[in-house]
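Biologist: Please take a close look at the part of this model where the protein meets its partners. I would like one connected account, with the surrounding architecture brought in where it bears on that part.

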There are 2 protein chains.
Amino acid sequence: MNKAKPADALKTRIQNLNHTLIMDGALDVFSSYGYRGSTVDQIALRCNMTKPNLLYYFKHKEDIYRAVLERTLSQWLAPLEALDSESEPIEELTRYISRKLDLAFESPKSSRLFANEILHGAPHITDFLKGSLRQLVEAKAAVIQQWCNRGKINPVDPVHLIFAIWSVTQHYADFSVQVEALLSGKLATHSNREATRNAVLEILLRGLKTAP
Amino acid sequence: MNKAKPADALKTRIQNLNHTLIMDGALDVFSSYGYRGSTVDQIALRCNMTKPNLLYYFKHKEDIYRAVLERTLSQWLAPLEALDSESEPIEELTRYISRKLDLAFESPKSSRLFANEILHGAPHITDFLKGSLRQLVEAKAAVIQQWCNRGKINPVDPVHLIFAIWSVTQHYADFSVQVEALLSGKLATHSNREATRNAVLEILLRGLKTAP
DNA sequence: TCTCCTCTTGACTGAGTGATCAAGAATAAT
DNA sequence: ATTATTCTTGATCACTCAGTCAAGAGGAGA
C-alpha cells in the first residue's frame, strides 16, 4: 500500500478516461474561441458531459486551460530539441522545418492555442518563455552559430533564423483561414502540402547553402 | 443646405473627436484581450467615458470592433499595393519587407488585432480575404513570377514567398512577448531594430539573388 | 448482498456584461 | 436670451456564465 504517486495522479479508470476526453474537447473549443470566448458549457457539450460533471474533474475553467496549454508546450519544444549539431546543417534544418510543418498541418489547433496565448501577452507561460524556452533557444542558436563559423552555411543571425522558421511554419496553422482563402483551399490535399513544404524549404534554406 | 454626405458622415466637432477617441481606445483594448475578452466598460474607461455615452456613438460593441478592424485593413494592404513590377526586384522586395517591419514595430496593436481575427476564423472579414486581398495577392504574385521568368531572381513560389514575408515580419508584432523574452527586450531600441531588419532581409532575400 | 466511495446531475447563486431609457447638462443656432 | 439639438449619465434590465450544492446513480470490494 501507500505507493508514491505524483500529486496529480489519476486513480480510477473513469478519471483517466474523462481527463483526456475533457482536454481534447477543451483544445477544440479554446483554440477556436480563445479563453474568454469559450464557455465551460461549450466544452462540456463537446464531451457529452454536463457542466457540473466536468467541473468535478477540473475545479476551475482556468485549470482546464492550463492543463491543455501545458500539454502543447512539450509538443512545441520537441522538434527544436532534436536539432543536432553533429549532422549536416542543411539536412538538419530541412528535418526541423519539415517537422514543424507537419505539426502545423496535423495539429493546427495546438498551434493556434499557443499563438493565441502569446498574442495576448502569454499571461500563463511567461516562466516558460523566460526559462526553458530561452535556454533551449540559446543552446540551439549556438549550434547554428557554430555552423556559420565553420563555413558550413552562409552567415546568418541564428535567433532570427529560428524566429523565421517558427513564424513561416506556424503561419500555415495559425493563419490557415487566410492561406486557404488565397490558395482556394488547396492546402487540404497531400500533394499541395508537399508543394508548400518544398516552397518553404527553398525560401528559408537556399540563402544558407554555401556556393559549391 | 442638404449637402450630399456619406452615410457615416460625422456632423459635429464632438462627434469627430469622440469617434477617433473611441476607435483608439478600442484598438488598445481589443488588441490586448480579443473581442470576447474585452468589455465595453473597459473601452469606455480607457476613453474617460461612461459606457452609455460610448454606446451613444456606437450602438453595439460589434460596431466598434468592425470600425477598428476596417481601419486596420487599409493600413494592412497599402505596402503590398505599392509593390512595383518596374523596379529592381531585390530593391522592391527590400522596400516591401522594410515597410512591413516598420508597421510591425510602430503599430503592433493593429497587427495583433488582425492576427487575432484571422486566428479565430476571420468571421468578420471573409469577404475581404476572398475578395480584395485575394485579387491583390494574385496580381502581385504575377509580378514576382515575372521577375522569376526573366531571371531577375531565382525561381520561387510567389504566393508562398508573400506568406513568408507576412509571417516573418508580423511575427515581431504578434509574438513580441516571445521575441522580447528571448532577446531580453532588445527589440525596443532603434539599433536593435536595425539589426533585426538586416537579419530578416538577409534570411528572406539572399536566396533570391541570382549569382553575379 | 451490503457498504463505501466515486461519479453524475438538476437546480441554483452571484457576479459580470451588453444594451436601454429617461432626465438632465452642454452646445449651437437664431 | 430663447430654443432646438446634441451630448452625458445614473439607474436598471435581461441575459450569460463560472461555480456550488445536495441528492441520487453507479461501480468496486467484502
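Modeller: In this predicted model, the surface near DNA strand D is made up, by class, of seven nonpolar, seven polar and five charged residues. In total, 19 residues surround DNA strand D, and the closest are A:Thr39, A:Val40, A:Lys61, B:Thr12 and B:Pro52. Two or more residues apiece come from helix 2 (40–46) and helix 3 (51–57) of chain A, and likewise from helix 1 and helix 3 (51–57) of chain B.

DNA strand C may be described in the same manner. Around DNA strand C there are 19 residues, of which A:Thr12, A:Pro52, B:Thr39, B:Pro52 and B:Lys61 come nearest. Here helix 1 and helix 3 of chain A, together with helix 2 and helix 3 of chain B, each supply at least two residues. The class composition of the surface near DNA strand C is seven nonpolar, seven polar and five charged residues.

How are the two protein chains related to each other? Chain A is superposed on chain B by a rotation of 180° with 0.0 Å of shift along the axis, at an RMSD of 0.1 Å. The two copies are therefore related as by a two-fold rotation axis. Within chain A, the C-alpha nearest that axis belongs to A:Gly207, at 1.8 Å from it. Both copies use the same surface, since 100% of the contact residues of chain A recur in chain B.

The contact between the chains draws 43 residues from chain A and 43 residues from chain B. On the side of chain A that touches chain B, at least two residues each are supplied by helix 1 (13–37), helix 6 (108–119), helix 7 (126–149), helix 8 (158–174), helix 9 (176–183) and helix 10 (190–205) of chain A. Helix 8 of chain A gives the largest share of that side, nine residues. By class, the side of chain A that touches chain B holds 22 nonpolar, 13 polar and eight charged residues.

The fold behind these surfaces is helical: chain A has ten helices and zero strands. Its C-alpha atoms fill a box of roughly 65 × 50 × 30 Å along the principal axes. Of the 212 residues in chain A, 34% are buried. Among contacts in chain A between residues at least 6 apart in sequence, 64% join residues at least 24 apart.

Helix 10 of chain A, one of the elements at the contact between the chains, merits closer description. At 1.5 Å a residue, its 16 residues should span 22 Å, and the end C-alpha atoms are 22 Å apart, which agrees. Its buried residues are A:Thr196, A:Val200, A:Ile203 and A:Leu204. They cover an arc of only 85° around the axis, which puts them on the same side of helix 10 of chain A. In general, an α-helix has 3.6 residues a turn, so residues three or four places apart point the same way. The face of helix 10 of chain A turned away from the buried side carries the exposed residues A:His190, A:Ser191, A:Glu194 and A:Asn198. The cover over the buried residues of helix 10 of chain A includes helix 5 (89–106) and helix 8 of chain A, and also helix 8 (158–174) of chain B.

Helix 4 of chain B offers a second example. For its 21 residues, 61–81, a rise of 1.5 Å a residue gives an expected span of 30 Å; the end C-alpha atoms are 31 Å apart, which agrees. B:Ile64, B:Tyr65, B:Val68, B:Leu69 and B:Trp76 are buried in helix 4 of chain B. Seen down the helix axis, the buried residues of helix 4 of chain B fall within an arc of 115°, so they line one face. The face turned away from them carries the exposed residues B:Asp63, B:Glu70, B:Ser74, B:Ala78 and B:Glu81. The buried residues of helix 4 of chain B pack against helix 1 (13–37), helix 2 (40–46) and helix 6 (108–119) of chain B.

Finally, B:Lys109 lies in helix 6 of chain B. B:Lys109 is classed as partly exposed because 18 other C-beta atoms lie within 10 Å. Apart from its neighbours within four places in sequence, B:Lys109 is in contact with B:Leu27, B:Asp28 and B:Ser31. The C-alpha atoms of B:Lys109 and B:Asp174 are separated by 8.2 Å, although these residues are 65 apart along the chain.

Technical notes: Residues numbered from 1 in each chain as written. Chains lettered and ligands numbered in written order. Predicted model: local features only at pLDDT ≥ 70, side-chain atom pairs only at ≥ 80, totals over all residues. Contact = placed C-beta atoms within 7 Å. Helix = DSSP H or I, 4+ residues; strand = E, 2+ residues; numbered from the N terminus. Nonpolar A, V, L, I, M, F, W, Y, C, P; charged D, E, K, R; others polar. Expected span 1.5 Å × (residues − 1). Buried ≥ 20, exposed ≤ 12 C-beta atoms within 10 Å, placed from the backbone. Arc of directions from axis to C-beta. Near = placed C-beta within 6 Å. Least-squares fit on C-alpha atoms with pLDDT ≥ 70 in both.
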